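I opened the model to look up its nonpolar cores first and its charged pairs after that. My notes follow.

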Amino acid sequence: MYRPNSATVALMCRANIPLAPESRHTLTHDTNKLTERMDSPLHHELTLALGLARQAALVSRTVLSEFFLTQQKSQVDSVTKSDFSPVTVADFAIQALLAGTLSQEFPNDALVGEESADELRENPQLLQQVAAVLKVAQGGWEARDENHVCDVIDLCKGEEKKRRTWVFDPIDGTKTFLKGKQYAINIALLEEGEGEGSREEVMSVVACPLLDWTLGTPGEIGEVINDASVDKSGKGAVVYCVKGHGVFVEPLFNKTADDKPRRIPRHAEQVKTVGGLKSVTCWQSLDSGVDTVHERVAEKLGMGFPGSDLLGWVNRWVCLALGLANTTVWVYKKRERKAKIWDHAGAMLLFREAGGKITDVDGKEIDLSEGRLLDKNFGFLAAPEGIHGVVLEAVQEAMRERGEEQKAAGGLN
C-alpha cells in the first residue's frame, strides 16, 4: 500500500490534508452486519460499492499527496483539468477502477461516467501516470495493460439503455480538490422506473475523504460547514443508502471497533414551518447560478443565508442528508443550462431518505431518463417535504420579480 515519505507528510500537514489511511480499505464486521440487516436485494451491490468507495478515496488521496510533494502551494490555484494536473489523473484512475470493477461484476448493466479516454490515447505520458496510480487500489480491479484502462473508461458513455445503470462522478469538486478542501466521489445505481423509459435512484454511496463523519450528530445540528471544514482526524466519511432503508454514515478510513455505522434520522420530516429551514448553497462561486434570486428567496422565507457554503453538488446533497441543512435552491442564469447526471444521481436519494423532497424550480420531478444531462429540468429545489410547496412559491415569486426587473431594464439575459 502507498505510504507517503517524510517530505510528503510535511507538505500535506501544511496544506491541512490528513494523511492516507493506515488500515485496510475493506468492510468491517459491523458494516457487513448492517448491510445484511437491510434485507435488501441490493445487499451485494451495496457491499461492493462501499469497498469501491474506499479504494477510490485512497487513489484520490495518493494523487493529492503526490501533488503537494511536487508542486508549490502557490501554484495549486493555477492548475486546470486541461493539463497533467492531479485532478486529471485522479478522475481517470477512479473512473477506470469503478468501470472496470462494475463491468466485470455486472456485465449486463449500463455505465455512465464523466470522462472519456480520448485525452489518454493522445497523451501516453498521462496514460502511464493513470495506470501507475491504479496500482494503489490493492486487491481491486487490475487492468491487463494501458489500452485496457482506456477501454473500460469508454464503457461509461451510457449510450445503451438497460434495466440498470451505474452513474458515478470520480471527483466532484475539482477546484476544491486541488486546494486540499472538500470533494466527493459519487457512486449511484439507477433502475427502470414505472413509467416508460424512466429511471429511478435505488442506491447511493458517497465518499467524502475530508468530511468529519460525526457531523450532524445530536447537539451539532445547527452547525454550518464550508469547503475549508476539513476533518483533522483523517477518517473522512462515507454516506450511503438503499431506497426505503434509510441513510447511514460511518468513517471512510481508519475505522475502530467503537465507530459503529450511524443511522441518520428522517430529520426533514420534523420541519413543519419556514422557521426551521436551514440553507446550503454555493455562494463562493456563482458561475452558473443567479445570486439575486437565491438571496431574495432566503429573505422571503426568513432563512439564514448562505448557511453552509459548498462548491460541489454532491457535497451539498450530503450536507442536506446529514441534517446540517435542509433546503437548497439553484436557479441557472439561462434556461439552456442543464445539469449533469453524475453531479446529482444517487446523492439526491440521500436527502429523500432523510425526509426531503426534490424538484426543479418549476416544480417538476427530476427526470433521470435522458442519459448524461437532465434535459427536462431547470435548476433544483430541495426542502422538507411538508413545506416544499411554500418554498417553491417563494422561489417562483423571486424568479418573476427578477424577470420583471430585467424587462424594465431593457431585456432578459
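I looked up the largest nonpolar core (buried Ala, Val, Leu, Ile, Met, Phe, Trp, Tyr and Cys residues joined through side-chain atoms within 4.5 Å) and found 69 residues in it. Trp 317, Ile 341, Phe 380 and Val 395 have the most contacts inside this core. Helix H10, residues 313–322, gives the most to it, with eight residues. I noted a second, separate core of 62 residues, which includes Phe 92 and Tyr 183. Helices (H or I, at least four residues) and strands (E, at least two) are DSSP runs, numbered from the N terminus.

This is a predicted model, where local features need pLDDT of at least 70, side-chain atom pairs count only at pLDDT 80 or more, and totals for chains, interfaces and linings use all residues. Residues are numbered from 1 along each chain as its sequence is written, and side-chain values use heavy atoms, with hydrogens and water left out.

Next I checked salt bridges (a side-chain nitrogen of Lys or Arg within 4 Å of a carboxyl oxygen of Asp or Glu); the structure holds 16. Glu 250 and Arg 54 form one of them, at 2.8 Å, N to O. Glu 250 lies in strand S6 and Arg 54 in helix H3, 196 residues apart. Buried means under 20% relative accessible area, exposed over 50%, partly exposed in between (1.4 Å probe, protein chains only). Glu 250 is buried at 0%, and Arg 54 is buried at 3%.

I then looked at Arg 352 and Glu 201, whose closest N and O atoms are 2.4 Å apart. Arg 352 is partly exposed at 22%, whereas Glu 201 is buried at 5%.
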